[in-house]
Amino acid sequence: MSLLLRITCAQYNMSPSLKILYLGDIVGRPAREFIGDRMRSIRTLNGIDVVIANAENVTSGSGINREHAEFLHGNGVDIITLGDHVWDRRGFECDIAHLDYVCRPANIPDECPGRDFAMMEKNGIKVGVSVVLGRHFMKIDATCPVRAMENILRKRGNSVDIFIAEIHAEATAEKIAFGWNFDGRVAAIIGTHTHVPTADDRILPNGTAYVTDIGMCGPHASVIGRDISQVLQSIKYGMPQKFEVATDDVRLNGVLLTIDAASGLARKISRFSERMA
Ligand SMILES: [Fe+2]
Ligand SMILES: [Fe+2]
């Protein structure tokens, strides 16, 4: 934290904090366009200092390419996290090395390219983020998410004022257990991957904000972002089927966090949802 910020906060008898918007999986063009049109005004209207978003579905619903990562970063998303779709776009395994604001899952093989931790500084306060994959009902092979996050915390925890841990997983129990393990040691534990928000946002007893899933940014007249009739065709007939990204009822879903920079713990968590007019 900067000296100037410390002095200013002391003058007004308050401890510094950051307001952070954490957005769920960004799905396809409809969500990209929404972010391009509205993110700057959302930031201003809500007094948001930092925006972090999982963007594992931003390119045609699966994966991310460099163009779309740069688009999000240029339109108000400060840090991008990824999930099990990390390598779905050919060429991204080379591009990721050039994108220091992009964070790939930490518990895939160490030999994989990209960073397992991303950080930024705002108002003299350093914010760091890491994401790990769950292991239950996931198609990608990953090591233990708890041990992986413990390792990152050991290596990087002291380098930031605010550390946020994301768990990208299918099983609710796995996410909840992960949350209890890190209560009081990180600012927030954010669940992603299911594309459906849960109503269990809260601050755990030792001061860590927690939510099992923050949902998705994308079309909600859909099946977790995909065309309803195509998914139903697949369920009913089992025939090969392309699942295109749906188009209607586009919303941004996530949580708003207020984090105390002195303690690195949460003051507030509330669900965030914005609908495209
Ligand atoms: Fe995912
Ligand atoms: Fe996703």
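## Buried faces, a nonpolar core and two positive phi values

Trainee: Which residues of helix H6 are buried in this predicted model?

Mentor: Within H6 (residues 172–182), the buried residues are Glu174, Lys175, Phe178, Gly179 and Phe182.

Trainee: What makes these residues of H6 line one face of the helix?

Mentor: Viewed down the axis of H6, the buried residues fall within an arc of 140°, so they line one face. A general property of helices is relevant here. An α-helix has 3.6 residues a turn, so residues three or four places apart point the same way.

Trainee: What covers the buried residues of H6?

Mentor: The cover includes helix H5 (145–156) and the strands E8 (162–168), E9 (188–192) and E11 (209–211). After H6 comes Gly184, with a positive phi near 85°.

Trainee: How do you know that the buried residues of helix H3 are on the same side?

Mentor: The buried residues of H3 (residues 66–74) are His68, Ala69 and Leu72. They cover an arc of only 105° around the axis, which puts them on the same side of H3. These buried residues pack against helix H2 (28–46) and against strands E3 (50–54), E4 (79–81) and E5 (102–103). The face turned away from the buried side carries Glu67 and Gly74, both exposed. Just after H3, Gly76 takes a positive phi of about 100°.

Trainee: Why is His195 called buried?

Mentor: The cut-off for a buried residue is 20 or more other C-beta atoms within 10 Å. His195 has 22, and is therefore buried. This residue lies in the loop between E9 and strand E10 (202–203), and its phi is near 70°, a positive value in a residue other than glycine.

Trainee: Why is Asn123 called partly exposed?

Mentor: A residue is exposed at 12 or fewer such atoms, buried at 20 or more, and partly exposed in between. Asn123 has 15 other C-beta atoms within 10 Å, so Asn123 is partly exposed. Asn123 is found in the loop between strand E6 (118–122) and E7. Its phi is also positive, near 50°, in a residue other than glycine.

Trainee: Which residues have the most contacts inside the largest nonpolar core?

Mentor: They are Ile164, Ala187 and Ala188, in a core of 72 residues. Strand E7 (residues 125–133) gives the most to this core, with 6 residues.

Trainee: Which residues is Ala188 in contact with, leaving aside neighbours within four places in sequence?

Mentor: Ala188 is in contact with Ile164, Thr208, Ala209, Leu257, Ala266 and Ile269.

Technical notes: Residues numbered from 1 in each chain as written. Chains lettered and ligands numbered in written order. Predicted model: local features only at pLDDT ≥ 70, side-chain atom pairs only at ≥ 80, totals over all residues. Helix = DSSP H or I, 4+ residues; strand = E, 2+ residues; numbered from the N terminus. Arc of directions from axis to C-beta. Contact = placed C-beta atoms within 7 Å. Core = buried A, V, L, I, M, F, W, Y, C linked by C-beta atoms within 7 Å.
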